[in-house]
Structure formats: structure tokens, C-alpha cells
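Reader: Could you walk me through this model, feature by feature? I'd like to hear how to read each one and then see the case at hand.

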Amino acid sequence: MSESEFLALAEATLTQIEAALDRLNDEDVLDVECSRSGNVLEIEFIDNGTKIIVNSQAPMREMWVAARSGGFHYKRVGDEWINTRDGSELFAALSGMASEQAGTPVVLKQLF
């Protein structure tokens, strides 16, 4: 994957995560605030002040996630972002992390 292809895919992934969380916030499923600065998406859970940070790492061609449960790296494999250590998929893992930090079930799905 070229750098420009990675950057476009990473941008689309961050946008999709942010839109999904904003929708859940608007539907009163959870109280979350997303803020974006370039390739960094900060997700703050208002009730307890915890955060999840998702960002792209162009030199590595990876998406990185920092959450209360730890730090994780995801590489593109086929049509999915896969954890470089345990093989979990990004959106499924983010759903678990967000559910843990929000204290309510959260389901995020990859649309592309």
C-alpha cells in the first residue's frame, strides 16, 4: 500500500469511528465527546473523564490505539485493521474498549 493510499484509508477510518461515536452520543446511548486534530482522534467519556486515543502512523502504515486497557497497533490485512499482537480486528476491539470505559455496551462496525 502506498503512503497516499494509507493516508486516505486512515482518514476514512478515523472519520468513520468519529461519526459512529457521534451518532451514539446523539442517540443518548453514551455520553462521549470526540475531538480531532489531524491524524489524532481523541474520544472522551464524559461520565468518568477517561479517554481513548486513535491515530494513524504513516511511517509504519498502522493505526494505533491508546486506551485504559493498554496500547495497540493495527495493520491493514485484506479489508480489516488487525492487531499486530493478538489478531483482533480494530472495530471489534474498539467496541470492547469503549464498552469498558463507558460502562455500557458499545458496538462499532467497519463499513468499508
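Reader: Let's start with helix capping. Which residue caps the N-terminal end of α2?

Author: To read a cap, look for a side-chain atom beside a backbone nitrogen at the start of the helix. This is a predicted model, and in it Glu 89 is the cap of α2, with a side-chain oxygen 2.9 Å from the backbone nitrogen of Phe 91.

Reader: And what follows at the other end of α2?

Author: Gly 103 comes just after α2, and its phi is positive, about 75°. You can look for the counterpart after α1, where Asp 28 has a positive phi near 60°.

Reader: How do I check the length of α2 against what a helix should span?

Author: Compare the end-to-end C-alpha distance with the expected rise. For the 13 residues of α2, 1.5 Å a residue gives 18 Å, and the end C-alpha atoms are 18 Å apart, so the two agree. The 24 residues of α1 reach 34 Å from first C-alpha to last, close to the 34 Å expected.

Reader: Next, burial. Which residues of α2 are buried?

Author: Here is the general idea: an α-helix has 3.6 residues a turn, so residues three or four places apart point the same way. In α2 the buried residues include Leu 90, Phe 91, Leu 94, Met 97, Ala 98 and Gln 101. The buried residues of this helix pack against α1, β2, β3, β4, β5 and β6.

Reader: Ser 95 is a polar residue that catches my eye in that helix. Is Ser 95 buried or exposed?

Author: Ser 95 counts as buried because its relative accessible area is 9%, below the 20% cut-off. Its location is helix α2, residues 90–102. For a buried polar side chain, look next for a polar partner: the side chain of Ser 95 reaches the backbone nitrogen of Leu 108 at 2.7 Å. Apart from residues up to four places away in sequence, Ser 95 touches Val 106, Val 107 and Leu 108.

Reader: How does Ser 69 sit, buried or partly exposed?

Author: Ser 69 is partly exposed, with a relative accessible area of 41%. Ser 69 belongs to the loop between β4 (62–67) and β5 (70–77). Leaving out neighbours within four places in sequence, Ser 69 is in contact with Met 97 and Glu 100.

Reader: Now the sheet. What is the strand order?

Author: Read a sheet by following each strand to its partners. This one is an open sheet of six strands in the order β1-β2-β3-β4-β5-β6, with antiparallel pairing. β1 (32–37) and β6 are at the edges with a single partner strand each, so one side of each lacks a neighbour in the sheet. Direction ignored, neighbouring strands are turned by 20° against each other on average.

Reader: Where do the helices pack?

Author: α1 packs on the sheet and touches β1, β2 (40–45), β3 (51–57), β4, β5 and β6, and its direction makes about 155° with that of β1. α2 also packs on the sheet, touching β2, β3, β4, β5 and β6, and makes about 155° with the direction of β3.

Reader: Can you show me the two faces of a strand? Which residues of β2 are on the covered face?

Author: Follow the side chains along the strand and sort them by face. The covered face of β2 has Leu 41, Ile 43 and Phe 45, while the uncovered face has Val 40, Glu 42 and Glu 44.

Reader: How many bridges join β2 to each neighbour?

Author: Six bridges join β1 to β2, and five join β2 to β3. For register, pick out bridge partners: Ser 35 pairs with Glu 42 in β2, and Val 40 stands opposite Asn 55 in β3. For the turns, count the residues between strands: the hairpin of β1 and β2 has two, with Gly 38 at a positive phi of about 60°. The hairpin of β2 and β3 has five, and Gly 49 there takes a positive phi near 75°.

Reader: Last one: how many aromatic pairs are there?

Author: Check the ring centres first, then the angle between planes. The count is one aromatic pair. Phe 6 and Trp 81 meet edge-to-face, 6.0 Å centre to centre with 85° between the planes. Phe 6 is in helix α1 (residues 3–26) and Trp 81 in strand β6 (residues 80–83), so the pair ties together parts 75 residues apart in sequence. Phe 6 is buried at 0% relative accessibility, and Trp 81 is buried at 0% too.

Technical notes: Residues are numbered from 1 along each chain as its sequence is written. This is a predicted model: local features need pLDDT of at least 70, side-chain atom pairs count only at pLDDT 80 or more; totals for chains, interfaces and linings use all residues. Side-chain values use heavy atoms; hydrogens and water are left out. Helices (H or I, at least four residues) and strands (E, at least two) are DSSP runs, numbered from the N terminus. Buried means under 20% relative accessible area, exposed over 50%, partly exposed in between (1.4 Å probe, protein chains only). A polar contact is a pair of N or O atoms within 3.5 Å; within protein, one must be able to donate a hydrogen and the other to accept it, and residues adjacent in sequence count only if both atoms are side-chain atoms. Contact means heavy atoms within 4.5 Å. Rings of Phe, Tyr and Trp (its six-membered ring) pair if their centres lie within 6.5 Å; planes under 30 degrees apart count as stacked, over 60 as edge-to-face and the rest as tilted. The expected span of a helix is 1.5 Å times one less than its number of residues. Two strands pair if DSSP finds at least two bridges between them. Axes are lines fitted to C-alpha atoms, for helices over the stretch in contact, and angles run from 0 to 180 degrees between N-to-C directions.
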